[in-house]
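User: I have a model open and would like to go through it with you. Could we check the terms against the values as we go?

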Amino acid sequence: MRRIFTSIFTIALAFNTSAQDIHFSQWWNNSLQYNPGMTGVIPANLRLSAGYRNQWASVASPYKTYVFNGDTRFDTKGSAAIGAGLSVFKDEAGDTKFGTTNIRLNLSGIVELDRHQKLSLGIAGGFLQRNIDPNNLQWGNQYQGGQYNSALDPGEQINFEPGMKADVSAGIVYVYHSNERYMTANDQLNVKVGLAFNHINRPKHEWHAGSPDTLYRNVTAMGEVLVGVGNSRLSLVPSFLLHFQGPSKEIYVGTLFRYRLQEASKITGLVKGAYLSLGTHMRIGDAFVPSLMIEFDKYAIGFSYDYNISKLRAASQGNGGFELALSFRTPNPYLWKGSKASFR
């Protein structure tokens, strides 16, 4: 029975959600997946991140997602810079491993409007491939007298061959940064807001002959603010993500409380900075998401867990998805930089 249910669940994913994108609870660790304008908008010269998400394990075979992002910034003469990056994700669901692989190259132009403000325009291009392994699917037509017979023709005319399609996205990001008045003031204000248009060319995959499945364009708005509580160790990091794609939408809001465990020696870098962030977010109508993030020197690790509150709660028993994120930034982003932004 579990395999039959998995087959139903996988086919439902394939034909009802194949026109939708994946999502991450720790979207701030995967911002290149949402907006190519975020490329090179970093407090360091190089940023690398990787993540893993495991979802719906309590309902059927889990939906697994693997992600990698890397970007860098090349400063030019004057007030401009160029960002370049790579964003990759692969997901698969159930025994049939239905999923998507997406590989994109990102390029951005970053202009400094004044010493506190920047604007970044980015574009991403690459390919998207959908695939499915039909060997573990079982169909109603393959049952006789309640017994399954794999030799019987299921009578389903479906194209299970993987297809590779071009994929193009673009985005814009505005950054405001006002750093500490002095090294230990902790009164900084950093703001990032962005708008992106993904799948501009609407890639198509033909599961049924003459009936192509077209990936909806999506519009994504995102924002994150870091507010230092003056003369304390605490900062607040509220954020939001608004994602609209065809008939679907995602509204994700919440706050992290970021506590400085150890002050870095911002001139020499000999003493490493350390931060602990705790908080919760809500994916409206879908999940309640507590998160934990630990930052030390150039490294960060984040954990989150989705507690399902949707109509699927009865089947999932409230369980949703576990997500892990790892990141590396170099040079140390906590060295004193005067008016430069120094978060994420």
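Analyst: Happy to. This is a predicted model, and a good place to begin is the hairpin of β16 and β17, with two residues between the strands. In its turn, Asp297 has a positive phi of about 55°.

User: How do you know that β16 and β17 pair?

Analyst: Pairing needs at least two bridges found by DSSP. Eight bridges join β16 to β17 (residues 299-308), so the two strands count as paired, and they run antiparallel. Within this pair, Glu295 stands opposite Ala300 in β17.

User: What joins β16 to β15?

Analyst: Here there are 10 bridges between β15 (residues 274-283) and β16, again set against a minimum of two, so these strands pair as well, in the antiparallel sense. Ala274 has Phe296 in β16 as its bridge partner. The hairpin of β15 and β16 has three residues between the strands, and Gly285 takes a positive phi near 80° there.

User: Which residues make up the covered face of β16, and which the uncovered one?

Analyst: Ala287, Val289, Ser291, Met293 and Glu295 form the covered face, while Phe288, Pro290, Leu292, Ile294 and Phe296 form the uncovered one. The general background is that side chains in a regular strand alternate between the two faces of the sheet.

User: What makes the largest nonpolar core a core?

Analyst: Its members have to be buried residues of the nonpolar kinds, joined through side-chain atoms within 4.5 Å. The largest such set has 23 residues, and Trp27, Trp28, Tyr34, Met222, Leu241 and Tyr252 have the most contacts inside it. Elements giving two or more residues to this core include α2 (31-34), β8 (163-178) and β16 (287-296). The largest share, three residues, comes from β16.

User: How many bridges join β1 to β2, and what makes them a pair?

Analyst: Strand β1 (residues 46-55) and strand β2 (residues 63-75) share 10 bridges and run antiparallel; at least two are required, so they are a pair. Arg47 stands opposite Asp71 in β2. From β2 the pairing goes on to β3 over 13 bridges, also in the antiparallel sense, with Asn69 opposite Ser87 in β3. Four residues lie between the strands in the hairpin of β2 and β3, where Gly78 takes a positive phi near 90°.

User: And how much of the chain is called buried?

Analyst: Buried residues make up 48% of the 344 residues in the protein chain; each of them is under 20% relative accessible area. The chain has three helices and 18 strands.

Methods: Residues numbered from 1 in each chain as written. Predicted model: local features only at pLDDT ≥ 70, side-chain atom pairs only at ≥ 80, totals over all residues. Heavy atoms only, no water. Buried < 20%, exposed > 50% of the residue type's maximum accessible area, 1.4 Å probe, protein only.
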